[in-house]
Amino acid sequence: EKSLLRLSIDLPGKRVRSEQNVLDIWADHRRREVRFGADKGLQIEPVNRGIGRFLMAQGILWARQRWPNYRVEGGALAVTSILSDDARLLRDHFLRALGFAVEYQDLLQLKATYGAQSVSALIGEWNRERVQQVEPLEAGAMLQQADQNLQEQEIKIRKLEHRIELLKRDDSSL
């Protein structure tokens, strides 16, 4: 009756609440509808790093592969989470860049809804310079290269410290 994809991102050294950096995508096969995110919205920490758009793009690609003809269940956008006009514009840009339509019911632009005609109308793109998918072997090679660079720098530092000690001795003898 329903399908669920839950995507989460854990960042090393960064502790977040359980509802942050998590995206749920529900597909209701009876109603032929797909819903993105929880009722409280997508909460990303740290902000402005491309993580939110990456999560949404992955979810959109997953849903487009399986159910491109399903309707997208829209919803109301929370007013309480937006603290300024800039934050509201950033949120609206985020949604529109992914293919969602954002509509306001009032002139003050406080009550907003989002939605899309179908899953196929959504855009599964993200800034690939900010967030990249790395294969495990590639990640291992990157870590090995970083470790080798650290060892080389440690050797250089030891040589420079030794030279400084020699110069200090020469200086004190003069």
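This is a conversation about the fold, the core and the aromatic rings of a predicted model.

Visitor: How many helices and strands are there in the protein chain?

Guide: In this predicted model, the protein chain has three helices and six strands, and from the N terminus on they follow the order β-β-β-α-β-α-β-β-α.

Visitor: And what radius of gyration does the protein chain have, next to that of a compact globule?

Guide: The protein chain has a radius of gyration of 24 Å, whereas a compact globule of 174 residues would have one near 16 Å. Along its principal axes, the C-alpha trace spans about 85 × 40 × 25 Å.

Visitor: What share of the residues counts as buried?

Guide: Of the 174 residues, 29% count as buried, and the area that the protein chain exposes is about 12,700 Å², with 51% of it supplied by carbon and sulfur atoms.

Visitor: Let's go inside, then. Which residues of the largest nonpolar core touch the most other members?

Guide: That core has 32 residues, and those touching the most other members are Ile-25, Val-34, Phe-36, Leu-55, Val-72, Phe-100 and Leu-122. The elements that give two or more residues to the core include strand E2 (22-28), strand E3 (33-36) and helix H1 (51-66), and H1 gives the most, with eight residues.

Visitor: Pick Val-72: what is in contact with Val-72, leaving aside neighbours within four places in sequence?

Guide: Val-72 is in contact with Val-34, Phe-36, Phe-100, Ala-116, Gln-117, Ser-118, Val-119 and Leu-122.

Visitor: Changing topic, how many aromatic pairs does the structure hold?

Guide: The structure holds five aromatic pairs, and one of them joins Phe-36 and Phe-100 edge-to-face, at 5.8 Å centre to centre with 85° between the planes. This pair links distant parts of the chain, with Phe-36 in strand E3 and Phe-100 in the loop between helix H2 (85-97) and strand E5 (101-104), 64 residues apart.

Visitor: Why does Phe-36 count as buried?

Guide: Phe-36 counts as buried because its relative accessibility is 5%, which is under the 20% cut-off. Phe-100 counts as buried too, at 4% relative accessibility.

Visitor: And why is the pair of Phe-100 and Tyr-114 edge-to-face?

Guide: The ring centres of Phe-100 and Tyr-114 are 5.8 Å apart and the planes lie at 75°, so the pair is edge-to-face, given that planes over 60 degrees apart count that way. Tyr-114 lies in strand E6 and Phe-100 in the loop between H2 and E5, so this pair ties together parts that are 14 residues apart in sequence.

Visitor: Which residues form one aromatic cluster, then?

Guide: Phe-36, Phe-100 and Tyr-114 form one aromatic cluster, and Tyr-114 is buried, as is Phe-100.

Terms used. Residues numbered from 1 in each chain as written. Predicted model: local features only at pLDDT ≥ 70, side-chain atom pairs only at ≥ 80, totals over all residues. Heavy atoms only, no water. Core = buried A, V, L, I, M, F, W, Y, C linked by side-chain atoms within 4.5 Å. Buried < 20%, exposed > 50% of the residue type's maximum accessible area, 1.4 Å probe, protein only. Helix = DSSP H or I, 4+ residues; strand = E, 2+ residues; numbered from the N terminus. Contact = heavy atoms within 4.5 Å. Phe/Tyr/Trp six-rings, centres within 6.5 Å; stacked < 30°, edge-to-face > 60°. Rg over C-alpha atoms; globule rule 2.2 N^0.38 Å. Areas by Shrake-Rupley, 256 points an atom, 1.4 Å probe, with all protein chains shown as cover.
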